[in-house]
Amino acid sequence: MIVHSMLKRRISLMSAILAATALCLPPLSSMSVQAQQHLSLDRTVDAQGIAYWTPGRLRNAQPLSSGLIDLGELMEAAEPDGAEATGEAEGHPGNLHAFNVQPDWTNRLFEPGEEPKSLGSTSDIEPKDIGTFGAHFSSSRVFPAGIETFYPYSTIGKLFFTLPNGAPAVCSAAVVSFRLVVTAGQCVHQGFGGQSGFHSNFLFVPAYQQGVAPLLIWDWQRAVVTGEWSNGGGTVPNAADYALIETQDQLVNGVTRRIGEVTGGLGWQTLSLLPNHVHMFGYPTNLDGGEIMHQVTGQSFGPIAPNNAAYGSDMGPGAGGGPFVQNFGELALGHIDGLNPLRNAVVGVSSAFSPPPGFAQAGSIFDSRFVDLFNNACANRPGNC
């Protein structure tokens with residue numbers, strides 16, 4: 001059964017509580033941006049799966065370069081309101097993990113090479129809090145080491161896959177339901193070629209750190225991407241550069257579990273990337289070699305056509321597909337909600353990066369196309385959501 005809740009931007013505290021605890025609400029409505037489209041790929045019986053990923057292939061996986069562009073001129077040319085859709089925000093609450101798994105820091109997948117240096121140990125690591133675009137941000141690796149296995153960090157990880165030409169590649173992604181992982185469309189499909197444009201051999205590693213998979217590795221079953229991305233020619237910015245991957249269940253301590261029961265899941269919300277203040281997560285290869293989860297916090301800087309929002313950031317490729325999360329973290333005693341209270345909600349994923357000295361990244365604004373995509377993925381198998 002698909003579980004959904006409708007969230008208005010100006011929602012009362014009581015409404016937020018009711019929405020987060022609702023168990024059986026009807027499917028989310030669809031706003032008319034344009035005809036809803038998606039393209040899906042089901043795993044074949046003879047797919048190699050986890051066995052394909054040798055230590056060498058994992059080590060040699062490279063980030064996509066398609067998202068590296070100059071965002072400056074695009075920001076200057078954008079209209080003040082960069083969203084293509086208007087109306088009420090729709091959303092879905094996240095979930096805590098239902099099954100406590102002791103992290104296994106001995107579950108090494110491969111030796112990544114030179115170990116990243118500790119913060120403060122060298123002058124080579126220089127913080128960048130603003131670029132020439134004027135977008136302020138704060139940037140840091142996630143710390144202390146090991147916090148990756150605690151919710152909500154535990155939902156974020158590395159996504160390995162194979163390009164149509166056979167080359168191993170890597171992106172970032174996050175769990176958003178019991179079996180579903182959200183990432184960028186470019187991390188699932190090359191943006192042209194129809195069914196033959198899909199990548200393959202998807203493998204998600206939540207809480208990844210320096211070649212170790214403390215919360216297991218999760219094989220894929222199905223991938224679904226928006227028509228805007230699959231027919232968009234493979235260039236960014238794109239109005240709907242996002243996708244969902246359905247993961248397979250696996251035995252955990254003798255019991256079959258879904259990934260969201262082990263890691264927990266983030267929520268999501270549409271029409272909320274601009275304006276907002278978010279945490280951005282990913283594994284950018286320009287920082288710590290992509291071996292340690294990285295976080296950037298900042299306020300939305302401006303719109304980019306079509307249907308994108310820009311933020312200040314020093315992350316680069318490798319962080320593609322990583323989530324933009326609003327209201328990240330755990331509530332404090334005495335906390336009072338504001339006008340946009342849904343916590344730990346993904347409002348977009350990283351799609352494009354502007355190199356130094358610009359220091360910015362952008363993502364598509366979730367709208368009715370994401371609702372349609374989520375409904376499709378949820379309906380594919382009972383228990384997905």
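Helix α6 is mostly covered, with eleven of its twelve residues buried. The model described here is a predicted one, and this report begins with that helix before turning to the chain as a whole, to several loop residues, and to an internal cavity.

## Helix α6

Helix α6 runs over residues 368-379. From its first C-alpha to its last it reaches 16 Å, close to the 16 Å expected at 1.5 Å a residue. The buried residues of α6 are S368, R369, F370, V371, D372, L373, F374, N375, N376, A377 and C378. One of them, F374, is touched by V176, a loop residue that is discussed below.

## The chain as a whole

The protein chain has six helices and 21 strands. Of its 385 residues, 58% are buried. The accessible surface of the chain comes to about 15,500 Å², and carbon and sulfur atoms account for 55% of that surface.

How much of the contact between residues with a separation of 6 or more comes from residues 24 or more positions apart? Such residues account for 77% of the contacts in this group. Individual examples of residues that lie apart along the chain are given in the next section.

## Buried residues in loops

Three loop residues illustrate such pairs. L266 lies between α5 (259-263) and β14 (267-269), V176 lies between β7 (168-175) and β8 (180-183), and I217 lies between β9 (200-206) and β10 (218-226). The table lists one C-alpha pair for each of them.

| Residue pair | Separation along the chain | C-alpha distance |
|---|---|---|
| L266 and T155 | 111 residues | 6.8 Å |
| V176 and L266 | 90 residues | 4.7 Å |
| I217 and I259 | 42 residues | 9.4 Å |

Is L266 buried or exposed? L266 has a relative accessible area of 0% and is therefore buried. Leaving aside its neighbours within four places in sequence, L266 is in contact with G94, Y151, P152, T155, A174, V175, V176, P323, V325, N344 and V346. T155, which is paired with L266 in the table, is thus also among the contacts of L266.

V176 is buried as well, because its relative accessible area is 1%, and the limit for a buried residue is under 20%. Residues up to four places away in sequence not being counted, V176 touches V182, L244, L266, G267, V346 and F374. V346 is in this set, and V346 is also in contact with L266. F374 belongs to the buried residues of α6, and the contact with V176 links a loop residue to that helix.

I217 has a relative accessibility of 18%. Buried means under 20% relative accessible area, so I217 counts as buried. Outside its neighbours within four places in sequence, I217 is in contact with I50, L109, L203, F204, V205 and Q250.

## Backbone geometry in loops

Two cis peptide bonds are described here. One joins F143 and P144, with omega at about -5 degrees. P144 lies in the loop between β5 (138-141) and β6 (156-162). Another cis peptide bond joins L274 and P275, and its omega is about -5 degrees. P275 is found in the loop between β14 and β15 (277-282).

Positive phi values also occur in residues other than glycine. A207 has a phi near 60 degrees, and A207 is found in the loop between β9 and β10. At 0% relative accessibility, A207 counts as buried. L271 has a positive phi of about 50 degrees although it is not a glycine. L271 is placed in the loop between β14 and β15, the loop in which P275 is also found. With a relative accessible area of 5%, L271 is buried.

## The internal cavity

How many cavities of 30 Å³ or more does a search of the whole structure find? The search finds one. About 50 Å³ of space lies in the largest cavity. Ten residues line the largest cavity, and the closest to its centre are L64, Q186, P317, G318 and G320. By class, the lining of the largest cavity has six nonpolar residues, four polar residues and no charged residues.

Note on methods: Residues numbered from 1 in each chain as written. Predicted model: local features only at pLDDT ≥ 70, side-chain atom pairs only at ≥ 80, totals over all residues. Heavy atoms only, no water. 1 Å grid on protein atoms, 1.4 Å probe; cavity = no way out; pocket = protein on both sides within 12 Å on 5 of 7 lines; lining within 4 Å. Points joined across faces, edges and corners; volume = space filled by probe spheres on them. Nonpolar A, V, L, I, M, F, W, Y, C, P; charged D, E, K, R; others polar. Helix = DSSP H or I, 4+ residues; strand = E, 2+ residues; numbered from the N terminus. Buried < 20%, exposed > 50% of the residue type's maximum accessible area, 1.4 Å probe, protein only. Contact = heavy atoms within 4.5 Å. Areas by Shrake-Rupley, 256 points an atom, 1.4 Å probe, with all protein chains shown as cover. Expected span 1.5 Å × (residues − 1).
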